[in-house]
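Trainee: Hey, I've got a structure open and no clue where to begin. Can you walk me through it?

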Amino acid sequence: MNITDTTADVACTFNIYGLDVKEAGGCYSLNAGATISDNRIMSSQINAVSCKLSALQPETTYYARSYVIDANDNVAYSKEVSFSTLGILKMDFQLSEVHED
């Protein structure tokens, strides 16, 4: 997973055996137990998801997992993972002398 202070690249694959899947994707939240009611990213493919989460908050822990929805609107979730965005690099400096040439 590639993580910065405000983005994270997410990728996963699905092993779907005999299900009539109408939607697949990933979801993420600030709280454990992310669901499709939280932040939801639908995939254009049924067996894989690859996306960039953006507009995340720096130095924040997120929880993410993949999901599939079958033809009967049943939702199944993968095991959840957590990740933390990086902090913003802050530089403090002082100007101690000014030289005139």
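**Starting at a tyrosine**

Mentor: Sure, let's begin with Tyr 28: its relative accessibility is 12%, so Tyr 28 counts as buried. Keep in mind that this is a predicted model.

Trainee: Okay. Which aromatic pair is Tyr 28 part of, and how is that pair arranged?

Mentor: Tyr 28 pairs with Tyr 62 in an edge-to-face arrangement, with 6.2 Å centre to centre and 65° between the planes. The pair ties together distant parts of the chain, since Tyr 28 belongs to strand β2 and Tyr 62 to strand β5, 34 residues apart.

Trainee: And Tyr 62, is that one buried or exposed?

Mentor: Buried. Tyr 62 has 6% relative accessibility, and the cut-off for buried is under 20%.

Trainee: What other ring does Tyr 62 pair with?

Mentor: Phe 83. That pair is stacked, at 5.7 Å centre to centre and 20° between the planes. It links distant parts of the chain too, with Tyr 62 in strand β5 and Phe 83 in strand β7, 21 residues apart. Phe 83 is buried as well, with a relative accessible area of 5%.

Trainee: How many aromatic pairs does the structure hold?

Mentor: Two. Through ring pairs, Tyr 28, Tyr 62 and Phe 83 are linked into a cluster.

Trainee: Which residues does Tyr 62 touch?

Mentor: Leaving out residues up to four places away in sequence, Tyr 62 touches nine you can click on: Tyr 28, Ser 29, Leu 30, Leu 56, Gln 57, Val 81, Ser 82, Phe 83 and Thr 85. With Gln 57 there's also a polar contact: a polar atom of the Tyr 62 side chain lies 2.8 Å from the backbone nitrogen of Gln 57. And if you look at C-alpha atoms, those of Tyr 62 and Asn 31 are 7.0 Å apart, although 31 residues separate them along the chain.

Trainee: You listed Thr 85 there. Where is it found?

Mentor: Thr 85 is in the segment after β7, which covers 81–84. With 6% relative accessibility, Thr 85 counts as buried.

Trainee: What's its side chain up to, as far as Gln 57 goes?

Mentor: A polar atom of the Thr 85 side chain lies 2.5 Å from the backbone oxygen of Gln 57. So Gln 57 turns up twice: its backbone oxygen by Thr 85, and its backbone nitrogen by Tyr 62. Thr 85 also touches other residues, including Ile 3, Thr 4, Asp 5, Leu 56 and Glu 59.

Trainee: Let's zoom out. How many helices and strands does the chain have?

Mentor: Zero helices and seven strands. Going from the N terminus, the elements run β-β-β-β-β-β-β.

Trainee: What share of the residues is buried?

Mentor: 31% of the 101 residues in the protein chain. The chain exposes about 7200 Å², and carbon and sulfur atoms supply 47% of that. As for contacts between residues at least 6 apart in sequence, 66% join residues at least 24 apart.

Trainee: What about the largest nonpolar core? Which residues touch the most other members?

Mentor: The core has 15 residues, and the ones touching the most other members are Tyr 28, Cys 51, Leu 53, Leu 56 and Phe 83. At least two residues of this core come from each of β1 (8–13), β2 (21–29), β4 and β5.

Trainee: What does Cys 51 touch?

Mentor: Ala 8, Asp 9, Val 10 and Ile 41, again not counting residues up to four places away in sequence.

Trainee: New topic. Which residues have a positive phi although they aren't glycine?

Mentor: Glu 59 has a positive phi of about 50°, and Asp 73 has one of about 65°. Glu 59 is in the loop between β4 (48–53) and β5 (61–70), while Asp 73 is in the loop between β5 and β6 (75–77).

Trainee: How exposed are they?

Mentor: Glu 59 counts as exposed because its relative accessibility is 62%, and the cut-off is over 50%. Asp 73 has a relative accessible area of 49%, so Asp 73 is partly exposed.

Trainee: Last one: what sits over the ring of Tyr 77?

Mentor: The charged end of Arg 65, which is 4.1 Å from the centre of that ring.

How values were computed:
Residues numbered from 1 in each chain as written. Predicted model: local features only at pLDDT ≥ 70, side-chain atom pairs only at ≥ 80, totals over all residues. Heavy atoms only, no water. Helix = DSSP H or I, 4+ residues; strand = E, 2+ residues; numbered from the N terminus. Buried < 20%, exposed > 50% of the residue type's maximum accessible area, 1.4 Å probe, protein only. Core = buried A, V, L, I, M, F, W, Y, C linked by side-chain atoms within 4.5 Å. Contact = heavy atoms within 4.5 Å. Polar contact = N/O pair within 3.5 Å; in protein donor to acceptor, adjacent residues only side chain to side chain. Phe/Tyr/Trp six-rings, centres within 6.5 Å; stacked < 30°, edge-to-face > 60°. Lys NZ or Arg CZ within 6 Å of the ring centre and 35° of its normal. Areas by Shrake-Rupley, 256 points an atom, 1.4 Å probe, with all protein chains shown as cover.
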